[in-house]
Structure formats: structure tokens, C-alpha cells
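Got the model loaded in your viewer? Let's walk through it together, one selection at a time.

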Amino acid sequence: MKKLSLDRILQNQGFGTRKGCRGLVEDGDVTIAGEVVTDYKREFDPTGLEFTVFDEPWLYREHVYIALNKPANFECSRKPSHHPGVHTLLPEQFTWRDVQPVGRLDHDTTGLLLLSDHGAFIHAQSHPKHHQPKVYVATLAEPADQSLADALLAGVKLADEPAPLAAQVAKLIDPTHIEIVIDQGKYHQVKRMLAAAGNHCAALARVQIGGLTLAALDLAEGEWCYLDEEQLAILNSEA
Ligand code: URA
């Protein structure tokens with residue numbers, strides 16, 4: 001990759017304004033290969049570049065692809081109104097890099113949320129044509145039997161939708177838990193489908209997107225990780 005000056009590298013990795021990044025370098029807060037570099041004009045090939053800022057190690061990443069185990073009471077909106085935003089669970093460098101959620105989970109929904117600063121990835125993952133199946137586990141307010149799963153599979157009519165919406169999969173786990181798979185992302189879709197089928201969602205967790213399961217990522221609530229090549233390939237493969 002083309003060499004870039006250190007101030008530019010730091011800026012595009014989310015360490016603040018160009019001026020702020022120059023200040024970090026001049027103050028001796030940045031090292032590369034164990035050496036404090038104080039000349040911000042010095043150029044480096046960013047590919048695979050490892051550096052530290054305030055002794056914290058970083059790897060140059062052209063884009064970041066992240067999975068977060070979202071806790072309840074965090075909003076996916078960039079300008080949250082009632083709860084903190086999910087970005088507060090991530091390093092502030094990601095906000096500078098404009099890392100955004102891929103689609104949204106409601107503030108009270110927990111589980112797997114993808115985030116990235118790569119517009120094409122966000123677009124591809126959230127585009128309805130991609131048909132990325134999303135697996136949810138809903139806790140039901142009322143005990144249910146197989147007829148609830150049958151109703152969701154047959155399709156339920158939502159107020160603002162022209163045609164009934166059906167779950168791809170609806171499996172009763174026990175009388176108060178149901179697994180639901182949908183490949184669209186309409187507003188409050190799972191909760192509204194459950195309400196339309198005569199029950200009520202007491203809690204909702206997303207446990208899988210495409211072939212990527214939250215369990216495989218082994219993240220505690222509020223924890224995040226970078227997605228590796230293999231995990232990205234799973235997400236990018238056709239459902
Ligand atoms: N369906 C919902 O109702 N809420 C979510 O957060 C996700 C899917």
C-alpha cells in the first residue's frame with residue numbers, strides 16, 4: 001500500500017483531528033516498532049503496521065468490522081435520546097472513524113450487533129436483497145403452544161404492511177421462549193409479529209446473523225471483538 005505520513009495514518013485510524021494527531025506524535029506518545037517517532041511527516045506503509053498510542057497497541061486497519069454483544073438499555077441511534085448509544089461501549093477511535101451499526105436493534109433488544117466503518121459492507125449486509133437470515137430468541141409474556149409457531153410460519157398481517165409477513169423458522173423452545181428467523185428488518189418486526197399472533201414479547205435477543213452465531217464469538221454482554229477474515233467470509237457468503 002502507498003506510504004502515508006504518520007499524522008495521516010493516525011487520523012484515519014480515529015485518533016482525532018490532523019492537528020491533534022500531530023500533537024500526539026510531537027509529544028512522544030506514539031511508537032512504531034518500539035521506537036518513539038516524533039516526526040509526524042515520517043511516512044510508513046500502513047499495511048499491517050503495528051503502533052502504540054499512550055502505550056496501547058494498535059494494528060492499522062483500513063476498515064473495522066466489529067461484533068458487539070449488545071446489552072439492554074443502549075440505543076443504536078447516532079443521536080440517542082433516552083439511553084446511551086452503543087458507541088459508548090466501544091473505543092472512541094471508532095466514533096472518530098464513523099463506525100455505525102449494521103441495521104438497528106431496539107434499545108431493549110440484546111445480542112449480536114455488527115458495526116463497521118465500511119459503507120459497502122453496511123449496505124450489502126443491510127440490503128433486503130442479501131436475505132441475511134437473523135435468528136432471534138423471544139421471551140413470551142404469555143405461555144404459548146405450537147399454534148403460535150404455526151401462526152408465525154403461516155404469516156401475520158402487520159398494520160402498515162400490504163402482505164402478511166411470515167417467519168422463515170418459528171420453533172417453540174419451551175412455553176415461554178420461541179426462536180424466530182426472519183430475513184427482513186422491518187421496524188420492531190419480531191415484536192409486532194408476536195403481537196399480531198396474539199402474544200407479547202417480554203424480551204428479545206438476536207443470537208445469529210447469517211452463519212455467524214453469538215455463541216461462537218463468546219462475548220459477555222457489552223463486550224465486542226473484531227471480526228476475522230473467516231467470520232467475514234461467513235457473513236458475506238450467500239444465505
Ligand atoms: N425485531 C424487533 O422487534 N426488535 C428488534 O430489535 C429486532 C427485531
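**Stop one: a small open sheet**

Start with the open sheet of 4 strands, which go in the order β3-β2-β5-β6 with antiparallel pairing. At its edges are β3 (35-36) and β6 (56-59), each with a single partner strand, so one side of each has no neighbour in the sheet. Strands here are DSSP runs of E with at least two residues, helices are runs of H or I with at least four residues, and both are numbered from the N terminus. Two strands count as paired if DSSP finds at least two bridges between them.

Before going on, a word on what you're looking at. This is a predicted model, where local features need pLDDT of at least 70 and side-chain atom pairs count only at pLDDT 80 or more, while totals for chains, interfaces and linings use all residues. Residues are numbered from 1 along each chain as its sequence is written, and side-chain values use heavy atoms, with hydrogens and water left out.

Now select β2 (residues 30-32) and β5 (residues 50-53): these run antiparallel and are joined by 3 bridges. Which residue of β5 stands opposite T31? Click on T52 and you've found it.

**Stop two: follow β13**

Next, colour β13 (201-209). Strand β9 (residues 109-116) runs parallel to β13, with 3 bridges joining the two. On the antiparallel side of things, β10 (134-140) is joined to β13 by 7 bridges. Try selecting A205 in β13: T110 stands opposite it, and V137 stands opposite it too.

Carry on to the end of β13, where strand β14 (residues 212-213) pairs with β13 in the antiparallel sense over 2 bridges. Here I209 stands opposite L212 in β14. β13 and β14 make a hairpin with 2 residues between them, and G210 in the turn has a positive phi of about 55 degrees.

**Stop three: the ligand**

Show the ligand and its surroundings: L105, D106, T109, Y136, H188, Q189, V190, K191 and L204 (each with a heavy atom within 4 Å). Three polar contacts are worth labelling (pairs of N or O atoms within 3.5 Å; within protein, one must be able to donate a hydrogen and the other to accept it, and residues adjacent in sequence count only if both atoms are side-chain atoms).

- D106 has a polar side-chain atom 2.7 Å from a nitrogen atom of the ligand.
- T109 has a polar side-chain atom 2.8 Å from an oxygen atom of the ligand.
- H188 has a polar backbone atom 3.2 Å from an oxygen atom of the ligand.

**Stop four: the pockets**

Where does the largest pocket lie? Domain 2 (65-129 + 212-238) and domain 3 (133-209) both give residues to its lining, so the largest pocket lies between them. The domain bounds come from an automatic or database assignment. A pocket is an open set of points on a 1 Å grid over the protein atoms alone, with protein on both sides within 12 Å along at least five of seven lines, whereas a cavity is a set where a 1.4 Å probe fits but cannot get out; lining residues have an atom within 4 Å of a point.

The largest pocket has a volume of about 640 Å³ (the space filled by probe spheres set on the points, which are joined across faces, edges and corners). To centre your view, pick G103, R104, L105, G185 and K186, the closest to its centre of 33 lining residues. Helix α6 (189-196) gives the most to this lining, with 3 residues.

Move on to the second largest pocket, with about 270 Å³ of space. Among its 15 lining residues, C76, R78, V99, Q100 and P101 lie nearest the centre.

**Last stop: the cavities**

How many cavities of 30 Å³ or more turn up in a search of the whole structure? The search finds 2. For the largest, about 50 Å³ in volume, select Q13, F15, F51, W58, L59, R61, V64, F94, R97 and Y226. Domain 1 (4-59) and domain 2 each supply at least three residues of that lining.

The second largest cavity, about 40 Å³, is lined by V102, L114, Q125, K134, R206 and I209. Domains 2 and 3 both contribute to this lining, so the second largest cavity lies between them.
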